[in-house]
Amino acid sequence: MRHPYTGAIAGVAGVLVLAALAAAQGDPPRSPWKYYPMDRAVGDGGPAPKRDLSGTWAGPSSGAGAPRSKAEEQPSLTPLGKQLYDRNKPIGKFSPGGTNDPHTRYCDPFGVPQNMVQEIRGMTIATLPNRTFVLLQYMDLWREVWTDGRTLPTNVGGRGRDTLDPKYNGYSVGRWEDDYTFVVDTTGLAPQTWATKSGYPHSVEAKVQERFHRTSKHDLSLTITMDDPKFYTRPFSIGETHFRWIPNQQLDDFTCIPSEVQQYLKEMGDPAGSDPDAARRPN
Amino acid sequence: MTAKLLVTSALGLGLLTMVSAPALAHHGNAAYEDTITEFKQATVTQFAWANPHALINFDAKDAKGAVVHMVVETAAPQALRLIGWTKASVTPGDVITVRMYVAKNGNPAGRLQKIVLADGSELHDTQLGGDAGGKTRYDPDADTGRK
């Protein structure tokens, strides 16, 4: 005997199959080589693995829905710090045509800590037994954080035969404060770089502390503070940035290209000029 | 000076539309006016899909038929891809509408709010692409409900 609902069930099943086929035909195949910003990690993905930041992460403005960043705080400058700060003409106030920001004009490296805040988008973290590498999408840049128990150098930038040269990304050591918080301390920074986009300076002796905190499988936050008594009366926050896990772990290309920047400035940035009221406004 | 006069002249003759909106300072864009200028029937002459910002060069005519050559910047390709642009979004010869914040110094340059293509579709800037004007940010998530 035929079930009275057999026809209806078969009809509904047929519609579902056709809908699935149509959906499958509407979605082009995904390339494993491409970053798909709309393919976002769903939810928190469960608990964070212990002592593990490894993987590829999407930062602000990556299309991944990372929570909004928290900007730097306004620091308290020493007289020497103020003197250096006043020489800098940040892009926010002076525009590309009037700034003397060495990155905007020439693609010079941001250096730490600015490269962990400014244009921070995609980032991969890779771990070896004695080092952790932070690989930044912007500028195709890598940092080396030693985790073998060594201490930070104290002889960077001096004149002695055994002194170390300052570096754009400085000298970094890292340690796990707890199972989910990795703390990176850095010093020996190249003094010609700006600490922030708004033109705050730093010395070679500045100490930057980054706290990577993984709250779930899909969520990572980074808070940065800088202590530089030469230029600032107290430590201050460089900002807080949030990252989301990228499902296919693939990033795309994003860098500053000097020849393209020179063309941009010639054709656009310099003709557009600077705000005529820039000098009267605070940075 | 010539370029400044061209823009000023075009504005004065009413070919372009000024859209009033509240002023809002934005980093990196202080060189631009706070109101939107609209160029209709603009002919694209070049589209540079390049860093740090993509540039659209275009020609528009003033009321006397004289050609005003303009250049407008938008965001970096990496950021534009996230909101629907591709390197082939516009090509030389395309006739489009350009809405932009022109340079305060009168030079024929500015920052994009959005373009309207011949088929009516729109492509926005990231930083100043909000439809509220006044240098508001474009948030595609707000349009789609996707967060």
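1. In which sense do strand β2 and strand β3 of chain A pair, and over how many bridges? In this predicted model, strand β2 (residues 122–127) and strand β3 (residues 131–136) of chain A are paired in the antiparallel sense, and 5 bridges hold the pairing. Two of the positions can be followed residue by residue: A:A126 has A:F133 in β3(A) as its bridge partner, while A:T124 is partnered by A:L135, also in β3(A). The connection between β2(A) and β3(A) is a hairpin, with 3 residues joining the strands.

2. The pairing carries on to the next strand, since β3(A) is also joined to strand β4 (residues 141–146) of chain A, with 6 bridges between the antiparallel strands. A:R131 is found opposite A:W146 of β4(A). The hairpin of β3(A) and β4(A) has 4 residues between its strands, and A:M139 in that hairpin adopts a positive phi near 75°, a point that a reader with the structure open may wish to look at.

3. These strands belong to a wider arrangement in chain A, a closed barrel of 9 strands that runs in the order β1-β2-β3-β4-β5-β6-β7-β8-β9 and whose pairing is mixed. On average, and with direction ignored, neighbouring strands of this sheet are turned by 30° against each other.

4. Turning to the two chains, 32 residues of chain A are in contact with 32 residues of chain B. The size of an interface is often given as the accessible area lost when the parts come together. Here chain A and chain B bury about 2,300 Å² between them, and carbon and sulfur atoms account for 55% of that area. On the chain A side, A:Y264, A:E267 and A:M268 lose the most area to chain B, together giving 24% of what that side buries.

5. As for specific contacts, 2 salt bridges are counted between chain A and chain B. One of them links B:R81 with A:D252, where the closest N and O atoms lie 3.6 Å apart. Between chain A and chain B there are also 10 residue pairs in polar contact, counted where both residues have pLDDT 80 or more.

6. Among the elements of chain A, α3 (91–98) and α5 (258–272) each supply at least two residues of the side that touches chain B. The largest share of that side comes from α5(A), which contributes 7 residues. By residue type, the side of chain A that touches chain B divides into 13 nonpolar, 9 polar and 10 charged residues.

Conventions. Residues are numbered from 1 along each chain as its sequence is written. Chains are lettered from A and ligands numbered from 1 in the order in which they are written. This is a predicted model: local features need pLDDT of at least 70, side-chain atom pairs count only at pLDDT 80 or more; totals for chains, interfaces and linings use all residues. Side-chain values use heavy atoms; hydrogens and water are left out. Two strands pair if DSSP finds at least two bridges between them. Axes are lines fitted to C-alpha atoms, for helices over the stretch in contact, and angles run from 0 to 180 degrees between N-to-C directions. Contact means heavy atoms within 4.5 Å. Buried area is the accessible area (1.4 Å probe) that two parts lose on being put together, summed over both. A salt bridge is a side-chain nitrogen of Lys or Arg within 4 Å of a carboxyl oxygen of Asp or Glu. A polar contact is a pair of N or O atoms within 3.5 Å; within protein, one must be able to donate a hydrogen and the other to accept it, and residues adjacent in sequence count only if both atoms are side-chain atoms. Ala, Val, Leu, Ile, Met, Phe, Trp, Tyr, Cys and Pro count as nonpolar, Asp, Glu, Lys and Arg as charged, and the others, Gly among them, as polar.
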